[in-house]
Amino acid sequence: MEQFEMLKALAETNVESFMFYILATVSILLAFGVILDRTIIRSGFILIGVFGSICGLFLLLQAQFLALAQLMIYAVGITLVVVIALMLTNPRMENGKLSTAAPANQLGAFMVAVGLFMTIYLSVRPENWTISSEPLDTANVEVLGRALTTDYSLPFEFASVLLLAALIGAVMLAKAEKPPKSGEEDFEYSVVEESAAEPAASKR
Amino acid sequence: MTSSVATKPQSSAQAMSYALAYAIAVCFVVGAYATGNLDNLIQMVGLNSVLESWALKDYTELLAFVLIVILGSIVALLGGQTSIIMAVGTVGSFFSLTLNQHPLIQYLSLAAVLFAIGLYGMVVSRNAVRVLMAIELMLNAVNINLVAFARYVDPVQVKGQLFAIFVITVAAAEAAVGLAIVLSIYRNTSTVDMERFNLLKW
């Protein structure tokens with residue numbers, strides 16, 4: 001009970017840290033949901049929750065523009081594309097047995113993931129960051145816009161060219177291809193084409 | 001995790017109850033660490049001198065982490081539900097590792113956790129679309145890092161947020177092209193199983 005009172009006092013004194021822990025817990029649990037859920041279409045929708053809680057974290061860090069961009073691009077755009085891809089491929093195949101790799105691979109992946117986390121944590125943990133105590137500028141959208149159009153205008157243009165190239169490439173890759181693959185099919189295809197064309201010609 | 005395969009025939013209710021017991025144990029460990037009782041326990045057992053000899057005196061939270069990991073592997077060996085054990089253990093160790101740290105380190109640790117989860121999912125899942133979802137998760141973890149740096153290290157010219165914008169752009173391009181590749185592979189081989197993508201093998 002006494003510890004509960006302590007937790008309550010902690011929550012009252014530092015709302016930001018309290019909200020951070022709630023959002024962090026939600027995002028970690030939902031990330032596990034994305035990875036481990038048997039039904040893949042459901043994990044596609046859980047992904048929206050992960051992106052939403054990360055949007056909340058951005059709001060806590062006072063990055064309003066990025067929070068809304070995150071919501072629009074990730075939670076709506078990318079998740080929509082993922083769900084449409086799931087509908088176009090065949091999710092019925094993944095009934096439990098396709099959802100996970102072999103047990104040995106799982107153990108290895110788990111070890112690698114824990115090792116990676118510990119490496120990052122131990123290198124981040126020493127407290128020699130040059131932390132600035134200045135508050136964030138409230139008009140940081142203006143700062144962002146000014147930087148994007150002056151100092152960072154070249155990377156900005158490159159990003160737009162990259163997006164255009166990716167868009168055209170995605171359309172080219174995903175377009176349904178009409179021409180058949182093997183020579184035999186090619187022959188049949190042309191025969192069908194001719195026989196279909198003949199009645200039209202005789203009518204005339 | 002994998003060890004529960006050996007003891008598969010157990011009932012799912014039993015596995016669930018093991019996982020719940022593990023969750024309660026993790027709550028106790030985190031609570032003991034947060035209220036400082038774990039430090040007293042370390043001094044009582046005499047682990048203090050061991051930690052000092054390894055120059056790890058300020059790293060008592062690592063002990064809570066190791067305790068949670070050991071408990072988790074024991075419960076998984078006994079046949080608990082592995083996915084719940086993994087999730088609970090991750091949240092518990094995240095709490096115990098970051099409770100007494102600066103906010104910047106808390107955000108960086110959260111990003112590291114999400115990145116590790118994304119890596120694990122990328123290796124483990126066999127559906128190609130789920131692999132792409134895991135990659136999106138990892139990119140988002142990187143974004144959290146950048147925005148946290150913009151808030152705590154460089155609050156005047158928020159360069160971290162600028163880089164996050166470029167990361168989001170590249171992530172959108174990657175998602176479009178990656179899903180298009182998955183679609184065209186599915187059209188050719190009528191499968192999205194990662195282990196059957198051997199088109200380049202001869």
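Me: How do H6(A) and H8(B) lie, roughly perpendicular to each other or not?
Reply: H6(A) and H8(B) are roughly perpendicular to each other, because angles of 65 to 115 degrees count as such, those under 35 as roughly parallel, those over 145 as roughly antiparallel and the rest as oblique. The axes of H6 (residues 140-149) of chain A and H8 (residues 159-189) of chain B cross at roughly 65° and come within 10 Å. Axes are lines fitted to C-alpha atoms, for helices over the stretch in contact, with angles from 0 to 180 degrees between N-to-C directions. Helices (H or I, at least four residues) and strands (E, at least two) are DSSP runs numbered from the N terminus.

Me: What kind of model is this, and how are things numbered?
Reply: This is a predicted model, in which local features need pLDDT of at least 70 and side-chain atom pairs count only at pLDDT 80 or more, while totals for chains, interfaces and linings use all residues. Residues are numbered from 1 along each chain as its sequence is written, chains are lettered from A and ligands numbered from 1 in the order in which they are written, and side-chain values use heavy atoms, leaving out hydrogens and water.

Me: Which residues meet between H6(A) and H8(B)?
Reply: A:Asn140, A:Leu144, A:Ala147 and A:Leu148 meet B:Gln161, B:Leu162, B:Ile165 and B:Phe166, contact meaning heavy atoms within 4.5 Å. By class, this contact has 6 nonpolar, 2 polar and no charged residues. Nonpolar covers Ala, Val, Leu, Ile, Met, Phe, Trp, Tyr, Cys and Pro, charged covers Asp, Glu, Lys and Arg, and the others, Gly among them, are polar.

Me: And how do H4(A) and H7(B) pack?
Reply: H4 (residues 64-88) of chain A and H7 (residues 128-152) of chain B pack at about 170°, with axes 11 Å apart, and are therefore roughly antiparallel to each other. The contacting residues include A:Tyr74 and A:Ile78 of H4(A) and B:Met133 and B:Leu139 of H7(B). Their contact has 9 nonpolar, 3 polar and 1 charged residues.

Me: Now the whole interface: how much area do the chains bury?
Reply: Chain B and chain A bury about 8,700 Å² between them, 77% of it on carbon and sulfur atoms. Buried area is the accessible area (1.4 Å probe) that two parts lose on being put together, summed over both. In chain B, B:Arg130, B:Met133 and B:Arg151 lose the most area to chain A.

Me: How many salt bridges cross it?
Reply: The rule finds 0 across the interface, requiring a side-chain nitrogen of Lys or Arg within 4 Å of a carboxyl oxygen of Asp or Glu.
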